[in-house]
Structures are given as C-alpha cells and as structure tokens.
Amino acid sequence: MTHLLAPTISGSVRSEYSITIAAPVEKVWNVLTDVQKYNEWCVHRKKPLPTSQQVLVQGSSILVGMQLSPTLDPAVKPQDAVELIISVDPANRRWAYRSHSTGPIFRAERSFAVSPIDERTTLFEMRDVIGGVVGRAAGWWLGGKMTLIQEEMAKALKKRVESVS
C-alpha cells in the first residue's frame, strides 16, 4: 500500500520508487520540503531556487531540474522547468507537482510521500506519471532510466537525511 497521493493525470508511463531511511519521519519531511536546499543534495538541482520559489504552496510554481537526456552522467546538466505545485499535505507528509500542461501533447506529474515505519525509520516514496503524445515518446526514450533517476534522487535524500544531525 502506498501513501502517495492518487495521480491527478493519466499517463502511459508510470514509475514508482521507494527507499527506507534511518531517521524519524519529521526529519525526512523537513529535508524533503526544504526545496531551497535541494542544490545541496539533489542530483537534479545544482543551484538554489530563486527567492520567489522557495516555499511549497499549493497553486504556486516551483523551479525544478529535469533530466531531459536518459543519463545519470553528472556532466549532463538538467534543464530548468517551472512546474505547478498541486498538493502540499503536511499532515500526511506528502506533496506533488505537475507540468502546467495537462493536454493531449504532454503532461507529467511527480509526487512524494514519507511515512513512519517506526520511531527511527521512515519510508520515502515517489511516483512519476507521464502522458500525452510527447509523454509516450519520452517514456520510450527514457526506457528504464526513469527508475534509475528516481533511485538516484532517493539515495541522495537518504544520504542527506542520515548525515544531518
């Protein structure tokens, strides 16, 4: 059973990844929602966000790094993309964003959730859904790399949380 929000879009490409983190759920949530510091640990965010995009607020926009090339090569820099925050649910420790487009050409959505396993262990989950004509092509082009990209982000989050006192 997942604690992720139900997707708000349909898509032919869907990938989910989860990892256990040796830290209390609040600590994981605090790092996951501190988007201004993603550049300190996230493989797809190499620079701080502009001041106007530092807070997770439903209905606002956020600048994210999108890996348009199917590679984890650190020499390949992510492209900036402005996405719409569609949900921030602190009580259930989950949030999600999607592309501004939800039409037949392209649509994408990413969601996150953290839930306690016990007092000192947390489950982190993420899901990507990509749809539309271009979305199907992107899914074919990315192949299995989508899960690898999720795995890299999850491992980076785990490392960051477990190393922060």
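Which residues make a nonpolar surface patch of about 260 Å²? The points below come to this after an outline of the fold.

1. This is a predicted model. The protein chain has 165 residues, and buried residues make up 47% of them. Its accessible surface comes to about 8400 Å², with 56% of that belonging to carbon and sulfur atoms.

2. The secondary structure consists of 3 helices and 6 strands. Read from the N terminus, the order of elements is β-α-β-β-β-β-β-α-α. Take the contacts between residues at least 6 apart in sequence: 60% of these join residues at least 24 apart.

3. Strand S6 covers residues 121–131. Of its 11 residues, 10 are buried, so S6 is largely enclosed by the rest of the structure.

4. S6 is joined to two strands that can be checked in the model. With S5 (107–118) it runs antiparallel, and 11 bridges join the pair. One residue pair to look for is Phe112 and Met126, the latter being the bridge partner in S6. S5 and S6 form a hairpin, with 2 residues between the strands.

5. S6 also runs antiparallel to S1, and here 9 bridges join the two strands. S1 spans residues 13–21. At its last residue, Ile21 stands opposite Thr122 of S6.

6. Helix H2 is made of residues 132–142, and its buried residues are Gly132, Gly135, Ala138, Gly139 and Leu142. Seen down the axis of H2, these buried residues fall within an arc of 100°, so they line one face of the helix. The spacing fits a general rule: an α-helix has 3.6 residues a turn, so residues three or four places apart point the same way.

7. What lies over the buried residues of H2? The cover includes strands S1, S5 and S6, together with helix H3 (145–163). S6 is thus named twice in this note: as part of the cover of H2, and as a strand with 10 of its 11 residues buried.

8. Now the opening question. The nonpolar surface patch of about 260 Å² is made by Ile105, Val133 and Val134. Val134 lies in helix H2. Is Val134 buried, partly exposed or exposed? Its relative accessibility is 40%, and Val134 therefore counts as partly exposed, since that class lies between the limits of 20% and 50%. Val134 is not listed with the buried residues of H2, which include Gly135.

Key: Residues are numbered from 1 along each chain as its sequence is written. This is a predicted model: local features need pLDDT of at least 70, side-chain atom pairs count only at pLDDT 80 or more; totals for chains, interfaces and linings use all residues. Side-chain values use heavy atoms; hydrogens and water are left out. Buried means under 20% relative accessible area, exposed over 50%, partly exposed in between (1.4 Å probe, protein chains only). Helices (H or I, at least four residues) and strands (E, at least two) are DSSP runs, numbered from the N terminus. The arc is that of the directions from the helix axis to the C-beta atoms. Contact means heavy atoms within 4.5 Å. Two strands pair if DSSP finds at least two bridges between them. Accessible areas come from the Shrake-Rupley method with a 1.4 Å probe; for residues, only the protein chains shown count as cover. Patches are made of residues with over 30% relative accessible area and no salt bridge: like charges are joined within 9 Å, nonpolar side chains (Val, Leu, Ile, Met, Phe, Trp, Tyr) within 5 Å. A salt bridge is a side-chain nitrogen of Lys or Arg within 4 Å of a carboxyl oxygen of Asp or Glu.
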